[in-house]
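Q: Please take a close look at one helix contact and the charged pairs around it. Then widen the view to other salt bridges.

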Amino acid sequence: MDLSFTPAEEEFRDEARTWLAENVPAEPLASMDTPGGFEEHREWEHILFDARWAVVSWPERFGGREASLVEWLIFEEEYWASGAPGRVSSNGVSLLAPTIFDFGTPEQQDRFLRPMARGDEIWAQGWSEPDAGSDLAGIKTKAQRDGEFFVIDGQKTWCSRGAFADWFFCLVRSDPDSERHAGLSYLLVPVDTQGLEARAIGRLDGEPGFAELFFDCARVHERYLLGGEGEGWAVAMATTGSERGLNLRAPGRFMAAADRLVGLYREIADSRGPDLDRRDQVVGAWMGAQAYRWQTYATEARLRGGSPIGSEASFMKVLWSELDVELHATALRLMGRDGERADSSWMDGYVFALSGPIYAGTNEIQRNIISERVLGLPRR
Amino acid sequence: MDFSFSDDQIMFQEAMRDFLANECPPEVVRAAWENDSGRTNGLWAALVEMGVVGMTAPESAGGLGMDETDLVLLLEEAGRAALPEPLLEHTAVGIPTLAAAGGPVAEAWLERAASGEAILGAGTDQGYAVGAATCDLVFLIGEQVRAVPVDEATLVEHRSVDGSRRLFEVDGEAVVIDTDPALAFDRAAAAAAAQCVGVAQYLLDATVEYVAQRYQFGKPVGSYQAVKHHLANAALKIEFARPAARHAAWCIAVGDPDRSRDVSLAKALASEAVDLASRTALQCHGAIGYTYEYDLHLWMKRGWALSAAWGDAAWHRNRIAVALGI
Ligand SMILES: Cc1cc2nc3c(=O)[nH]c(=O)nc-3n(C[C@H](O)[C@H](O)[C@H](O)COP(=O)(O)OP(=O)(O)OC[C@H]3O[C@@H](n4cnc5c(N)ncnc54)[C@H](O)[C@@H]3O)c2cc1C
């Protein structure tokens with residue numbers, strides 16, 4: 001056990017910090033859930049990619065630096081501490097890419113990974129349906145075989161930034177007679193597919209960040225099938241491991257937010273005097289971020305030792321999502337009469353944080369997983 | 001950055017777990033509640049034999065020259081078994097404090113402590129020293145660390161809710177030890193955090209086992225979602241307290257500049273984890289858990305005591321705030 005960073009890790013941290021200090025946009029970008037903001041964020045992905053910071057842990061040939069997992073965690077700490085923009089490509093990079101590395105053919109890897117990393121092709125997740133949310137195995141969208149093609153009919157919903165995205169990764173029912181987890185396939189669908197229409201829906205903040213996807217005889221070539229036909233469930237479960245665990249929301253994001261909260265308390269206490277109850281809530285948020293950090297480094301060591309994360313990813317998902325809500329709620333309370341103002345980044349953060357316990361598998365579902373698969377309690 | 005334990009450390013932990021599973025079953029803990037000393041019959045000698053008692057002493061003094069990162073896993077195991085022996089006071093606090101101080105006190109006591117022949121106790125100026133009557137030398141931690149030889153001291157005993165913890169006010173001729181009192185306190189708080197994690201883990205495991213075989217309405221009560229989510233919440237607290245407790249041990253071992261802040265992180269998280277685990281365990285057991293005959297309370301009460309000892313969650317959260325400059 002050595003919980004200090006090696007000289008090489010420190011050097012990596014310095015390099016990232018220096019680059020970020022020189023390159024992070026001085027003014028915050030517009031919301032990525034708006035058409036203009038989406039394109040501003042895409043530009044930022046190009047800049048990151050060209051300096052090889054977009055996907056640090058990937059192989060060099062796809063634009064990465066082959067960084068270790070620890071280095072990636074360091075990068076995330078520096079990235080969020082620098083106040084850099086949110087990552088508009090993250091559904092592709094964090095959720096789909098690990099699945100392409102595991103299940104994709106060499107042709108698919110060559111075709112998709114670099115453009116995804118550069119933000120030339122931004123991906124959206126098409127899984128949820130009007131009647132299939134938590135119960136994902138209940139999806140009905142069909143994909144009938146027709147020679148080399150799949151013909152998709154049905155509807156997806158709650159697709160994040162689906163109104164602006166270039167590609168969709170979809171879970172569909174390729175065997176019309178199948179039920180539940182069997183007969184599903186994982187299809188990659190380009191936005192310009194005939195018979196596919198994306199319609200925006202306003203999110204809680206009023207921006208068109210959600211889309212409904214309507215498929216009407218949309219034909220997709222079989223070279224866009226990821227993993228085996230009918231094996232979509234297994235492929236999708238690999239994605240959820242990334243979604244809940246450390247890929248999507250590394251501790252650095254919450255450490256940076258907690259540090260900003262500590263700063264906010266200091267500022268407010270300087271002008272209005274101390275408030276010990278709220279100070280304790282600030283400490284609680286800081287503790288949550290630190291607890292997540294050390295648990296993540298412990299998990300990294302386990303992964304390196306050969307044990308997979310598995311259902312334990314649910315611990316992380318519950319922790320970061322509930323921490324994020326508490327942290328932002330604390331900030332708004334600290335701000336007093338300004339807490340309700342619409343023009344603060346804390347309010348934006350709060351509104352987004354509220355979705356954390358819902359997306360990526362609700363926290364009720366995560367607690368079911370913890371109790372049944374980690375603790376081994378009887379399912380019924 | 002490497003959060004893995006060595007094969008030797010894991011082997012030592014497993015040996016400790018096996019040993020305690022065989023030698024420290026609930027009957028043994030219960031017996032310590034009833035007897036004069038609050039301790040077990042013979043386990044101290046066996047732990048000396050295993051190398052546990054003197055492990056933190058330098059090899060030159062007859063110890064194993066190990067540090068807090070070796071000890072932390074054993075302290076978790078001690079908590080898991082509710083072991084009523086003074087590993088926290090003696091091995092985690094007393095020996096390293098003596099070894100670092102050097103001088104005549106160390107000369108007089110260190111080798112005897114490493115061999116387990118002399119037993120070291122620890123407490124705070126304001127609080128109690130647990131098990132002082134069975135110790136030879138007690139460290140009282142406050143503005144200074146003072147060492148009080150027990151045979152010349154006046155002891156006033158109080159009973160703890162945990163029958164194996166005998167609480168003593170200690171008054172006597174003291175020698176001031178040349179050491180940083182904050183470090184001595186942090187050693188105790190970090191060790192208590194590791195034990196809290198172990199106690200909490202036992203409470204969770206025992207409850208999971210119970211609810212899987214207790215039937216009501218024709219189904220195991222552990223199949224009801226309300227019960228499941230209680231247990232998931234306890235598991236969450238433990239999952240995030242454990243790495244923090246291990247990190248705190250490392251901070252002490254290497255003298256990390258943020259040691260006090262991060263020991264407080266560990267103890268606050270571990271206290272909160274064991275508090276929730278004991279409330280959850282009791283609730284999910286129902287009335288059987290509320291009896292004196294059933295063993296659960298041995299761990300619950302150890303949990304209550306350790307959660308409050310060496311700074312409770314609120315105390316440590318306040319210390320974090322001060323360290324963060326707010
Ligand atoms: C901001 C945001 C972004 C999203 N982005 C995407 C995206 O890009 N692509 C995509 O496919 N989907 C996306 N989703 C959808 C998300 O995956 C679903 O909202 C989620 O799976 C829950 O489904 P639901 O909303 O239908 O709720 P429901 O499943 O209807 O659940 C309603 C309530 O019932 C509870 N519940 C349901 N089943 C159980 C059970 N077995 N035990 C206990 N409680 C239960 C839930 O926890 C919840 O509290 C997004 C959602 C949000 C909020």
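A: The helix contact comes first, then the salt bridges, then the domains.

This is a predicted model, in which local features need pLDDT of at least 70, side-chain atom pairs count only at pLDDT 80 or more, and totals for chains, interfaces and linings use all residues. Residues are numbered from 1 along each chain as its sequence is written, chains are lettered from A and ligands numbered from 1 in the order in which they are written, and side-chain values use heavy atoms, with hydrogens and water left out.

Start with helix H2 (residues 35-50) and helix H5 (residues 106-118) of chain A. Helices here are DSSP runs of H or I, at least four residues, numbered from the N terminus. The two axes come within 7 Å and cross at roughly 110°. Axes are lines fitted to C-alpha atoms over the stretch in contact, and angles run from 0 to 180 degrees between N-to-C directions. H2(A) and H5(A) are therefore roughly perpendicular (65 to 115 degrees).

Contact means heavy atoms within 4.5 Å. From H2(A), the residues are A:Glu45, A:His46, A:Phe49 and A:Asp50; from H5(A), they are A:Arg114, A:Ala117 and A:Arg118. By class, this contact has four charged, two nonpolar and one polar residue. Charged means Asp, Glu, Lys and Arg; nonpolar means Ala, Val, Leu, Ile, Met, Phe, Trp, Tyr, Cys and Pro; the others, Gly among them, are polar.

A:Glu45 also forms a salt bridge with A:Arg87, with the closest N and O atoms 2.9 Å apart. A salt bridge puts a side-chain nitrogen of Lys or Arg within 4 Å of a carboxyl oxygen of Asp or Glu. A:Arg87 sits in the loop between helix H3 (69-81) and helix H4 (90-103) of chain A, 42 residues from A:Glu45. Both partners are buried (under 20% relative accessible area, 1.4 Å probe, protein chains only).

Over all chains, the structure holds 51 salt bridges. One pairs B:Asp186 with B:Arg319 at 2.8 Å, N to O. B:Asp186 lies in helix H7 (residues 181-213) of chain B and B:Arg319 in helix H11 (residues 313-323) of chain B, so the bridge ties together parts 133 residues apart in sequence. B:Asp186 and B:Arg319 are buried. In chain A, a network of salt bridges links A:Glu10, A:Arg13, A:Arg17, A:Glu77, A:Glu78 and A:Arg293.

Last, the domains. Chain A is assigned domain 1 (7-118), domain 2 (123-238) and domain 3 (251-374); such bounds come from an automatic or database domain assignment. The centres of domains 2 and 3 of chain A, taken over C-alpha atoms, are 31 Å apart.

Note on methods:
Helices (H or I, at least four residues) and strands (E, at least two) are DSSP runs, numbered from the N terminus. Angles under 35 degrees count as roughly parallel, over 145 as roughly antiparallel, 65 to 115 as roughly perpendicular and the rest as oblique. Buried means under 20% relative accessible area, exposed over 50%, partly exposed in between (1.4 Å probe, protein chains only).
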